[in-house]
Each structure stands twice: as C-alpha cells, then as structure tokens.
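Reader: Hi! I'm new to this one and would love a friendly walk through it. Could you show me what we're looking at?

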Amino acid sequence: MTLAVTTPYTVPVGFMDALQVTILILVGAGATAVVLTRRPVHQVLVLSIYGVLMAVLFLTFQAPDVTLSELTVGAVALPIILLLALAKVRKREE
Amino acid sequence: MAYFPFVVVAWILCAGLYGIVTSRHLVHQIICLIVAQSSTYVLLLGVGYVTGAVAPYYFDVPAHTQAVDPVVQALALTDVVVEAAVTALLLSFAIQAHKRFGTLDPQELASLKG
Amino acid sequence: MTPGQRRWVFGVAVAGLAAFYLWGLSGLPGFGNYPGPYGFAILHIAVQQTDATGVVSAVNFDYRGFDTVGEEFILFAAAAATAVVLRRLRGERERPAVDQAGDREVPPTSEAVRMVALLFTGPVMVMGWWLVSHAQTSPSGGFQGGVILATAFILVYLAGEFLVLKRFSPVALTDAVEAAGAGGFAAIGLAAVLMGRAYLYDFLPLGQMPGAVSSAGTIALISFFVGLEVAAAFILIIGEMLEQTLLIRHGGG
C-alpha cells in the first residue's frame, strides 16, 4: 500500500505524531482528574471537558464521525442526564 | 510512539477501575464507569490507524487515497451513543436505590438487608 | 473489608491485569501499522459498490448493517427499561402538573438564556436533519443527527418550562416515533428478504453519482429511521428524568 498522500489537507507526519502524543497525555490527565474529583456535581463538569478532549483525540486519529458522536453525547447529552439524576437525588436529601 | 496510545488506554482503564473500587457515591461510580468505557474507544481507533493516511471519506480527495480503517470507526461510533443510553438506565437504578434505602454510598448499600 | 485493605487487593489485581495487557500488547503490530486486510478491502470497493463517499456510514448501514440493528435495539431496550424502572412506585404520588420546584428557591430563567435557547432551537433542528440525511456523503449519520435533534428539544425546556416540553413531545407520540424508527430499520431488512435477497441487502437504486444526497440506496433510508429512533429514545430518557425531578413526590410530599 502506498503511503504517499498529497491532498490539500495533509500535515507532515512528524507534526501529526507530536499532536497525537500531546493530546494523549492530556486525555490521560483528564481521566485521572475525572476519577479523583469526589463531588459528583463537580465531576460532571470535568467529564464534559474530558469529552471535548476525547473529541479532539478522535479528530487527530482521522475519525470525524466518532468526533461528532463523542461531542454531542459526551459533552452535552450525558452531562444533562447526569445533572438531572443528581438533582433528583439531592432534592430528597434536603 | 509505536505503543504509547495503548499504554494510555491501560492507564485510563486502570484509573476508571480505581475510581469504581474506591468510590463512596453511586453517581461517582457511574461516571468512573464512563471513563473506563471510553478507554475502549481509544483502543479501537488506535488499532485501525494508518500513519500518513486521511479519514475514510472520498468526497473531496481522489478515490483510492490511503485511508484509515473504517470498520473500527463504525464500531466506535455506535458504541458512543449506545453507552449514553445504558448509563441513563444505570442512573435510574441509582435513583430508585436512593428512594428505597435513603443512601447512595455503595459500601453502605452492600450491607443493607431487604 | 476496610478501604485500605480494598485498595491493596485492587492494587494486586490491577498489577496482574496490566501485566497481561502489556504482554498481549507486544503482539500488536504497533500504532500506525494497521495490517488487516478487511479494512483495506472495504476501502477499495466501497465507493464503486454502494456509490457512498462516506465509507464509515456505508460500513455501518450496509456492510455491517446487521450489527447496527443490534445496537439500535440495545438503545431501544435501554430507553424502554428506563421508563419502566422510573415508574411511579407504591407510596409516591404525582403532583398536579404545575411546574414549580416546591421546596427550593429557583431564580427565574434569565432573559439571555431564553433568547439564546429560542434562537438556536430552529437551526439546531435543521442541523440535526442535515446530519441525518447526509449519512452517505460526509461525516454524519443517523446516530449523531438523532442526538442533536434531541438536544433541540432540550433547548425548548431550557427556554421555557417543563410543561412546554411535555406539550411538544407527549410520551405516547415519542414512544410511537421511537418504535417506528426501530421497526422501520428492521422492516427495510425484511423487505430485502421478501425480494429474495439476503437480509438488509441494498435494493434501492444507486444514484447518479457518488456524493449526491440521493444516492447509495438504502443507506439514506436506514439513516433516516435510525435518526428518528435515537432522537426519540433520548427525548424519552430525558423526559422521564425531568418528570422524576419535577413532578413525582414521595408520600405526603
């Protein structure tokens, strides 16, 4: 298989490597941050940021479809569902 | 660089598992489960990546340009959306447990009877 | 078992897991050296065979359509199960449908939030339908478009009250739409069987040129049904949770 791609959208392979390594480190740090945040309400916000980081990671892996899915679900729909559940639980504790 | 993404996958999975094991709140546990699940997406996409290739969409690049594997992307794509619905189901269980037992601490819930 | 002991047991277990994982990792061909013949074979023939320039959607709805039916039914079952689990239990009663937060001092929705939510509801719906209908040409598809469509309804809730959302999406209608989406997908596959071909065979005419919206046979149709189903499932789930938070009270509430 030939790896010579000359479309207007390609970047040099070294640059892509550096980008991927950076975003992988950020994703690892983000996962650690999500787990180490103890209060669930704060954790939902950190999860939203983690979702955006994952979306950028998928973009550097040349997967725009998965990026769209992760953005809509991980940064919007999932935090909404989580916050609604937390609101229900907190209301009963009052 | 050849194995770095997979090491990050292991790190994310172990972080999620650590959160599940040492959690004191059911919703915190569920969010750590989400993190552990997200490691599998990175693994899937990492397996299918081809260095120097473009995304598998031939709308504006000439046909037969080298592209990354589309099958793992299809898997990861449906996976992400379905996981959200299953998480909602888990949360509804947590809500009902809170209604029934009054507490959301998994270590207290384990020792409740009836 | 004390938390400290639990951590030690976990540490041993995860060390074993990591050891096995890294050992298995050494057998992989490394990041970027994907060797597999299946992916490359599909890339070579997908555009000619299905006239779809979006190969991922072609894989999702045509080559691996059977797996997507299964995933869609997971979504359907999860939404239905949420509705079942969050049913009104014995000892609870549903408050009269007046949207008030009761025991909490809730500030009225600010005008800025209402204006932005109202402004964006229309464009978000249009974008959702655009994504659903362009599965075969660009990075889009039923799943993403469906979630964005559900988000448009959430914007309605943010702009107004919960009751407005209920009027826009009554539970019976949402249930029917979700069932129609899931059933439609299965029915397209069955229609192929009734024509004497394999299940989910692509039997509609392929369009003029790859990349047009009206191309790629059943992929566009399946994507439409999947979008309907995913949107209805998410609206159902969020409606159920909102109802739990706002309407259902315990005992003498």
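Author: Happy to! One term before we start: two residues are in contact if their C-beta atoms, placed from the backbone, lie within 7 Å. Also keep in mind that this is a predicted model.

Reader: Thanks! So how many residues of chain C are in contact with chain B?

Author: On the chain C side there are 47 residues, and they are in contact with 42 residues of chain B.

Reader: Which helices of chain C supply at least two residues of that side?

Author: They are H1 (3-25), H2 (37-50), H3 (55-63), H4 (65-85), H6 (142-159) and H9 (218-246) of chain C. The largest share comes from H4(C), with nine residues.

Reader: And how do the residues on that side divide into nonpolar, polar and charged?

Author: Of the chain C residues touching chain B, 30 are nonpolar, 13 polar and four charged.

Reader: Switching over, what about chain C and chain A?

Author: There, 19 residues of chain C are in contact with 17 residues of chain A. Two or more residues of this side come from each of H6 and H9 of chain C. By type, the chain C residues here are 13 nonpolar, five polar and one charged.

Reader: Let's zoom in on a residue. Where is C:Ala81 found?

Author: C:Ala81 sits in helix H4 of chain C.

Reader: Why does C:Ala81 count as partly exposed?

Author: Because C:Ala81 has 16 other C-beta atoms within 10 Å, whereas buried takes 20 or more and exposed 12 or fewer.

Reader: How far is C:Ala81 from C:Ile237?

Author: In sequence they are 156 residues apart, and in space 9.6 Å, C-alpha to C-alpha.

Terms used:
Residues are numbered from 1 along each chain as its sequence is written. Chains are lettered from A and ligands numbered from 1 in the order in which they are written. This is a predicted model: local features need pLDDT of at least 70, side-chain atom pairs count only at pLDDT 80 or more; totals for chains, interfaces and linings use all residues. Helices (H or I, at least four residues) and strands (E, at least two) are DSSP runs, numbered from the N terminus. Ala, Val, Leu, Ile, Met, Phe, Trp, Tyr, Cys and Pro count as nonpolar, Asp, Glu, Lys and Arg as charged, and the others, Gly among them, as polar.
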